[in-house]
Amino acid sequence: MKTTSEQHDGPAAGPGAGLGTRERIVRATARLMQRQGYEGTGIKQISKEAEATLGSVYHFFPGGKQELATEAIRHGDREFAEMLHRALEGRPDPAEAVLAVAQDVAAELRASDWLDGCPVTATSLGTAAHAPDIQRAAAEAFERWRGLVRDKLLACGFGAQDARELAHTVINTLEGAELTAQVARDEEPLLIAGRHLARLIDSYR
C-alpha cells in the first residue's frame, strides 16, 4: 500500500531521493530559510527545491508559509541538538566539550561556504511579532539546547544556578559568534568563543 506522501508525488531524483514528500518539503524549507531567511523564501521556491507539487506542499502544510517555517525550525532544532549531544556526551570534560561544539559549528559553516548559519535564528528573525508559532518553536529550540548544556554541567558536579547561567552563556555566545563568523567568512570568531567559554567553565570549578 502506498504511503500518503507517495500518493502525492513520486520519489525525488535529486538530493532528497529516498525521503517522503513531507520530509523533502521540510528539509527544503529549512535549507532555504537558513540561507535566505523567512521573508526571502517563497512557497513556489520550496516546492521546486523539494521536487514536490504546490498541491502537495499545501496538503501537508495547510497553514502555508508560517506552518512551514515552524516545521523548519523544529528540523533545525533537532539537527543542532544531535550535534550538541554528540559533542557533550563524547567528552567527559564539559569545557572540552563546549570547545568541540564551537569547532564543529565552525567546520560546518566553513564547509557550506559560509551560507548555512543558525537555521532557527535565520528563520525566526523578523517574524516574532506576527507569527507566535514560529517564535514559540524558536524559544523551545533554544531552551532544548540550553538544557543539554545545563544537564552536562550538572552531571559534572556544577551547582544548579551556575549550570543554568553557564548554559545560557554558552548558547548565547555561540549564536553570536556563529553570526559574526558567517558575516566575516572567517571561523576565528567561533574558535575564540569556544576557547573563552572553556576557560569560563573551568573558572567555576
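These legends go with close-up views of a predicted model, covering its pockets, cysteines and salt bridges.

**View 1. The largest pocket, with helix 5 as its main contributor.** The space in this pocket comes to about 540 Å³. Its lining counts 23 residues, and Gln34, Glu79, Glu108, Gly117 and Pro119 sit nearest the centre. Helix 2 (21-36), helix 5 (64-89), helix 6 (94-111) and helix 9 (160-184) each give two or more residues to the lining. Helix 5 takes the largest share, with seven residues. Sorted by class, the lining residues are ten nonpolar, four polar and nine charged.

**View 2. The second largest pocket, where helix 9 gives the most.** Here the volume is about 240 Å³. Of the 14 lining residues, those nearest the centre are Cys118, Thr121, Ala122, Leu179 and Gln182. Two or more residues apiece come from helix 2, helix 7 (119-124) and helix 9. Helix 9 puts in five residues. The class split is four nonpolar, seven polar and three charged.

**View 3. Two cysteines in a structure with zero disulfides.** Cys118, one of the residues nearest the centre of the second largest pocket, is buried at 10% relative accessible area. Cys156 is partly exposed, at 33% relative accessibility. A search of the whole structure turns up zero disulfides.

**View 4. A salt bridge from helix 2 to helix 5.** The whole structure has 15 salt bridges, and one of them pairs the side chains of Arg22 and Glu71, at 3.6 Å from N to O. Arg22 belongs to helix 2 and Glu71 to helix 5, so this contact ties together parts 49 residues apart in sequence. Which partner is buried, and which is partly exposed? Glu71 is buried at 14% relative accessibility, while Arg22 is partly exposed with a relative accessible area of 34%.

**View 5. Arg136 and Asp133, a salt bridge in helix 8.** The closest N and O atoms of this pair are 2.3 Å apart. Both residues lie in helix 8 (residues 132-155), three residues apart, so about one helical turn separates them. Arg136 is partly exposed, with 43% relative accessible area, and Asp133 is partly exposed too, with 42%.

**View 6. Arg195 with Glu188, plus a salt-bridge network.** The side chains of Arg195 and Glu188 meet at 3.5 Å, N to O. Arg195 counts as partly exposed at 36% relative accessibility, and Glu188 is partly exposed at 33% relative accessible area. Elsewhere, Glu143, Arg146, Arg150 and Asp151 are joined into one network by salt bridges that share partners.

Methods: Residues numbered from 1 in each chain as written. Predicted model: local features only at pLDDT ≥ 70, side-chain atom pairs only at ≥ 80, totals over all residues. Heavy atoms only, no water. 1 Å grid on protein atoms, 1.4 Å probe; cavity = no way out; pocket = protein on both sides within 12 Å on 5 of 7 lines; lining within 4 Å. Points joined across faces, edges and corners; volume = space filled by probe spheres on them. Helix = DSSP H or I, 4+ residues; strand = E, 2+ residues; numbered from the N terminus. Nonpolar A, V, L, I, M, F, W, Y, C, P; charged D, E, K, R; others polar. Disulfide = S-S within 2.5 Å. Buried < 20%, exposed > 50% of the residue type's maximum accessible area, 1.4 Å probe, protein only. Salt bridge = Lys/Arg side-chain N within 4 Å of Asp/Glu carboxyl O.
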